[in-house]
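Subject: Handover of a structure model with an analysis of its contacts

Dear colleague,

Please find below the sequence and the structure that I am handing over to you. My account of what was found in it follows directly after.

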Number of protein chains: 2
Amino acid sequence: MYQYKYPHPAMTADCVVFGFDGKQLHVLLIERGLEPYKGSWALPGGFMKIDETVEQCALRELKEETGVEDIYLEQFHVFSAVGRDPRERVVTVAFLALVRKSDFRLIAGDDAAGASWFELGKLPPLAFDHHDIIDMARKRLPELMRTKPIGFKLLDEKFSMNELQRLYEAVNGTTYDRRNFARKMSSTGLLRDEGVSPVAAHNRFPNLYSFDEKAYKAESEGHFAPENPFNV
Amino acid sequence: MYQYKYPHPAMTADCVVFGFDGKQLHVLLIERGLEPYKGSWALPGGFMKIDETVEQCALRELKEETGVEDIYLEQFHVFSAVGRDPRERVVTVAFLALVRKSDFRLIAGDDAAGASWFELGKLPPLAFDHHDIIDMARKRLPELMRTKPIGFKLLDEKFSMNELQRLYEAVNGTTYDRRNFARKMSSTGLLRDEGVSPVAAHNRFPNLYSFDEKAYKAESEGHFAPENPFNV
DNA sequence: ATTTTGATGTGTCAAAATGACGCACTAATT
DNA sequence: AATTAGTGCGTCATTTTGACACATCAAAAT
């Protein structure tokens, strides 16, 4: 038993892990193996240990429950509504990640009866306020992808211009003109040309690209990019 | 005494409140009246009550310690390093706010021996990891001001184009061409023309503007603005 | 008293970025 | 046999951006 002079909340980390299949955004969920909400789907996550940071907690829980590891996680919001967990006062730090679905085969861990991908828009009923958490993560995505070149984390190492466009269209909920899209993407100077694909798409062998991390690092050292509408 | 089966962290909220004096960005700090770090300067903030959200906590503590209230607060990061508080394990949710300095006269509250503004870059030694917190808030500012029209919260209701430009220059750490700046700001359609100022600046009576909240709301209902470099 | 500094108003022009769009080809699907 | 989807290639008008000059005069500095 641990005693405190004042009541303390429990602290958890929850992860919204996004994947992409060329058409739709997906979210990684686990089936809860324990009460409360046993049998319901939920975000991977769990209680913070007293000697770890929330970041360490998020990575640990994600690995334990789904097998997914070595990924880029980013805090995006704290959910602290008073009644959000029926057991006790629980404050959660929500994280957001983008991964290549093909990089992982999912396992079911400790507290999770199973882990699997769900299409956004076809989510099952979720435990706690996890629907709200996913909603907010989804809203942050466009902004995040405008700011940092993290969209590439959702695609294979090498990708066609069409695949990249599909991703941006899915995230931003629009369509782009194919030629203008390619022109603008190329003009960033961050796409390394990987030559022609060995596998045909429809009729041609499309050119492939990869994200040029070095070029990005070199460039972002230098300057801040201006932007609209208050970028001046 | 409150007992738990597992150790729980204490939870706090800390506020980085920015002000602007026409030249420099300022931060609102309090002088701690209690141990630890008694006598040191620190961010306004404090322990979350068990029946309030972190947002409510941030607003309450800010009001108690400085008298500042009714302002826009936004979560920006959770700081959870294990040793960041000498008393016990404390996880803090950091908030960021922009206010008109002239709107408030500071009071010294409960746990605070005093509250006052400090120029960024001339900060005193701070308690805990509050320097890191301010650093991160400062880094978020440009991005935040590009995304939302919150810069206006730092200026008086009516402001000259020059004042607005100074603000953007201070936040982004650059200079802009006066005419191009005005052209672009005006083109947003979010500045209401408030006519000529009754007080002279140097030689002329500059035109004044105010932020047109209605125009902004009406516009942002409609569409997402595209941006660089991954805005496509 | 004189000089310097800073804020203001007013427009132009070349370069760059953007958005819209047409045509031809063919593998895979229907 | 017809349709669909992905690919390659490029143009053109419009919009946006960035750079820049001159005149004025109050306030501040010397």
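In this predicted model, chain B can be laid on chain A with an RMSD of 0.0 Å by a turn of 180° and a shift of 0.0 Å along the axis; the superposition is by least squares on the C-alpha atoms of residues with pLDDT of at least 70 in both copies. The two copies are thus related as by a two-fold rotation axis. In chain B, the C-alpha nearest that axis belongs to Q3(B), at 2.3 Å from it.

As to conventions, residues are numbered from 1 along each chain as its sequence is written, while chains are lettered from A and ligands numbered from 1 in the order in which they are written. Because the model is predicted, local features need pLDDT of at least 70 and side-chain atom pairs count only at pLDDT 80 or more, whereas totals for chains, interfaces and linings use all residues; side-chain values use heavy atoms, with hydrogens and water left out.

The protein interface

Between the two protein chains, 52 residues of chain B are in contact with 52 residues of chain A, contact meaning heavy atoms within 4.5 Å. Of the interface residues of chain B, 100% are also interface residues in chain A, so the copies meet through the same surface. Together the chains bury about 5,000 Å², 62% of it on carbon and sulfur atoms; buried area is the accessible area (1.4 Å probe) that two parts lose on being put together, summed over both.

How many salt bridges are counted between chain B and chain A? The count is 0, where a salt bridge is a side-chain nitrogen of Lys or Arg within 4 Å of a carboxyl oxygen of Asp or Glu. By contrast, 18 residue pairs are in polar contact across this interface, both residues being at pLDDT 80 or more. A polar contact is a pair of N or O atoms within 3.5 Å; within protein, one must be able to donate a hydrogen and the other to accept it, and residues adjacent in sequence count only if both atoms are side-chain atoms.

Several elements of chain B supply at least two residues each to the side that touches chain A, among them β2 (10–20), α1 (54–66), β7 (90–98) and α2 (130–147). Helices (H or I, at least four residues) and strands (E, at least two) are DSSP runs, numbered from the N terminus. The element that gives the most to this side is α2(B), with 4 residues. By class, the side comprises 29 nonpolar, 11 polar and 12 charged residues; Ala, Val, Leu, Ile, Met, Phe, Trp, Tyr, Cys and Pro count as nonpolar, Asp, Glu, Lys and Arg as charged, and the others, Gly among them, as polar.

The DNA strands

DNA strand D is surrounded by 21 residues, the closest being N162(A), N203(A), R179(B), R183(B) and H202(B); a residue is near a strand if one of its heavy atoms lies within 4 Å of it. Of the strand D atoms within 4 Å of the protein, 47% belong to sugar or phosphate and the rest to bases. A polar side-chain atom of R166(A) lies 2.6 Å from a phosphate oxygen of strand D. Base nitrogens of strand D are approached by polar side-chain atoms of R179(B), at 2.6 Å, and of D177(B), at 3.3 Å. The largest share of the surface near strand D, 5 residues, comes from α4(B), and the residues of that surface divide into 2 nonpolar, 8 polar and 11 charged.

DNA strand C likewise has 21 residues around it, of which R179(A), R183(A), H202(A), N203(A) and N162(B) are the closest. Here R179(A) places a polar side-chain atom 2.4 Å from a base oxygen, and an N or O atom in the side chain of R178(B) is 2.8 Å from a base oxygen. For R166(B), the corresponding partner is a phosphate oxygen, at 2.7 Å. The largest share of the surface near strand C, 5 residues, is from α4(A).

Backbone geometry

Most residues other than glycine have a negative phi, and most peptide bonds are trans. The peptide bond from E35(A) to P36(A) is cis, with omega near -5°, and P36(A) is found in the loop between β3 (25–32) and β4 (41–42) of chain A. In that loop of chain A also lies Y37(A), whose phi is near 65°, a positive value in a residue other than glycine. In chain B, a cis peptide bond joins E35(B) and P36(B), with omega about -5°.

Yours sincerely
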